[in-house]
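Please open the model in the viewer and keep the selection panel at hand. The tour below proceeds by selections, each followed by a description of what is found there.

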Amino acid sequence: MKKNQNVVPKELIQGKKSSWLRSIIKSNKTLHRFFYKLLRCNRYVWILRNFWKDTDKLFSYISIETCPICNRKCSFCPISQDKTPKRLMTNELFDKIIRELKELDYRQEIILSLYGEPLLDKRLEKFTKKIKVELGSRVTFFTNGDFLTTKRFRKLVSAGVDLIVVTQHDPEPSETIKNLFSQISSAEWKYISYKTIKEDSQILTNRAELVKVSTLHPISCILSLVIVRADGSVPICCNDYYNEVNFGNVNQKKLINIWNSPFYRRIRNKLKRGIFNLAICKRCRGVLPSKKYEA
Ligand SMILES: C[S@@+](CC[C@H](N)C(=O)[O-])C[C@H]1O[C@@H](n2cnc3c(N)ncnc32)[C@H](O)[C@@H]1O
Ligand code: SF4
């Protein structure tokens with residue numbers, strides 16, 4: 001038995017609600033690879049799944065990057081190469097986004113992370129409370145877990161966080177995570193989803209050629225997700241680290257006007273039909289598999 005299975009409950013690894021079929025598939029590496037390639041990496045399956053989606057309607061997920069700074073430099077993350085100084089999202093911008101979401105009567109999920117480590121942002125609890133009071137949305141975020149002490153975890157849960165996705169990037173869980181998992185009660189497990197990502201993980205994307213990974217080309221576009229970076233810019237997707245395709249800035253424009261701009265609408269409409277002709281899409285390992293990327 002691997003060491004981390006002593007501290008991390010088995011059902012928590014790779015998501016709690018794994019069906020029996022999923023568990024069988026995942027237990028066999030070849031079977032898993034086959035289904036993963038078929039369902040996540042096949043352009044035609046992707047088109048079939050998305051063709052009928054109404055990409056003109058309001059987004060159903062918003063990712064707000066309040067903290068673009070990170071304590072780690074994972075080799076598979078563009079943060080590891082970026083030396084430009086980064087700033088936290090301003091309180092004014094965060095408040096503007098929430099105000100606008102309220103005007104839209106938005107109540108769907110809010111993810112308080114993108115790149116960077118959200119737990120470095122001391123305002124996370126305050127932001128969560130604000131979302132809960134103003135919108136009542138489900139609040140989640142991704143973290144490397146390095147600062148997830150039991151005290152912080154409980155503060156976040158009392159502020160209203162619904163789910164914390166902890167990713168283990170090292171071979172073993174950190175001491176902080178081991179402590180947390182040994183201290184939380186059975187009722188508190190529902191607030192945590194735990195996954196492990198290694199450099200050779202099949203689910204890693206090449207971030208449109210910003211990082212080198214040896215994976216199975218997952219297609220990672222989410223057409224119903226809008227992203228607001230810490231500086232207010234709205235990029236095309238979570239692989240667009242440098243905001244290469246920037247639809248506007250929420251500091252200057254209303255988020256809804258950016259979302260409904262003809263250019264953004266046209267791109268979403270093309271993507272759902274499998275037309276990936278932007279330069280960034282052509283470099284994204286998921287959509288245009290070429291010999292160069294074959295594992
Ligand atoms: C970019 S991180 C930011 C939040 C936090 N710092 C963390 O590591 O969880 C969000 C999630 O993306 C995953 N991730 C990092 N690099 C990735 C890549 N190249 N492809 C796919 N997912 C990646 C991380 O493992 C993590 O689960
Ligand atoms: S994956 Fe997360 S922990 Fe690793 S460098 Fe990127 S933001 Fe930081």
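How many helices and strands does the protein chain have? The protein chain contains 11 helices and eight strands. The model is a predicted one.

**The whole chain**

Begin with the protein chain displayed in full. Of its 295 residues, 31% count as buried. Among contacts between residues at least 6 apart in sequence, 74% join residues at least 24 apart.

**Helix 5 and helix 6**

Select residues 91-103, which form helix 5, together with residues 124-134, which form helix 6. The axes of these two helices lie 10 Å apart, and the packing angle is about 20°. Because an angle under 35 degrees counts as roughly parallel, helix 5 is described as roughly parallel to helix 6. The crossing of helix 5 past helix 6 is right-handed.

Show the side chains that form this contact. Helix 5 contributes F94, I98 and K102, while helix 6 contributes F127, K130, I131 and E134. By class, the residues of this contact comprise four nonpolar, no polar and three charged.

**Helix 6 and helix 7**

Keep helix 6 selected and add residues 150-159, which form helix 7. At what angle do the axes of helix 6 and helix 7 cross? They cross at roughly 20° and come within 8 Å. That angle makes helix 6 roughly parallel to helix 7. Helix 6 passes helix 7 in a right-handed crossing.

On the helix 6 side, display L124, E125, T128 and K129; they meet K155, L156 and A159 of helix 7. This contact of helix 6 with helix 7 has three nonpolar residues, one polar residue and three charged residues.

**Two residues of helix 7**

Next, select F153, which lies in helix 7. Is F153 buried or exposed? F153 counts as buried because 23 C-beta neighbours lie inside 10 Å, and the threshold for a buried residue is 20 or more. Leaving aside neighbours within four places in sequence, F153 is in contact with L148, L180 and I184. Add Y191 to the selection: 38 residues separate F153 and Y191 along the chain, and their C-alpha atoms are 9.1 Å apart.

Move to R154, also found in helix 7. R154 has 15 other C-beta atoms within 10 Å and is therefore partly exposed. To follow R154 further, select E188: the two residues are 34 apart in sequence and 8.9 Å apart in space, C-alpha to C-alpha.

**The loop at P173**

Select P173, placed in the loop between strand 4 (163-168) and helix 8 (175-183). P173 is buried, as 21 other C-beta atoms lie within 10 Å. With D146 added, the distance tool should give 9.6 Å between the C-alpha atoms of P173 and D146, which are 27 residues apart along the chain.

**The surroundings of the ligands**

Select ligand 1 and the residues around it. Which residues are the closest to ligand 1? The closest are F142, N144, T167, L204 and T205, in a shell of 16 residues. The shell around ligand 1 divides into nine nonpolar, five polar and two charged residues.

Then select ligand 2. C70, R72, K73, C74, C77, I79, S80, Y115, G116, E117, N144 and H169 surround ligand 2. This shell has five nonpolar, four polar and three charged residues. N144 may be kept highlighted, as N144 is listed among the closest residues to ligand 1 and also among those surrounding ligand 2.

**Two residues with positive phi**

The last stops concern the backbone. Most residues other than glycine have a negative phi.

Select D105, in the loop between helix 5 and strand 2 (109-111). The phi of D105 is near 60°, a positive value in a residue other than glycine. With 8 C-beta neighbours inside 10 Å, D105 counts as exposed.

Finally, select N243. Where does N243 lie? N243 is in the loop between strand 7 (233-235) and strand 8 (246-249). Although N243 is not a glycine, its phi is positive, at about 50°. N243 counts as partly exposed, with 15 C-beta neighbours inside 10 Å.

Key: Residues are numbered from 1 along each chain as its sequence is written. Chains are lettered from A and ligands numbered from 1 in the order in which they are written. This is a predicted model: local features need pLDDT of at least 70, side-chain atom pairs count only at pLDDT 80 or more; totals for chains, interfaces and linings use all residues. Axes are lines fitted to C-alpha atoms, for helices over the stretch in contact, and angles run from 0 to 180 degrees between N-to-C directions. Helices (H or I, at least four residues) and strands (E, at least two) are DSSP runs, numbered from the N terminus. Angles under 35 degrees count as roughly parallel, over 145 as roughly antiparallel, 65 to 115 as roughly perpendicular and the rest as oblique. A crossing is left-handed if the near helix is turned anticlockwise from the far one by less than a right angle, and right-handed if clockwise. Two residues are in contact if their C-beta atoms, placed from the backbone, lie within 7 Å. Ala, Val, Leu, Ile, Met, Phe, Trp, Tyr, Cys and Pro count as nonpolar, Asp, Glu, Lys and Arg as charged, and the others, Gly among them, as polar. A residue is near a molecule or strand if its C-beta atom, placed from the backbone, lies within 6 Å of it. A residue is buried if 20 or more other C-beta atoms lie within 10 Å of its own, exposed if 12 or fewer, and partly exposed in between; C-beta atoms are placed from the backbone.
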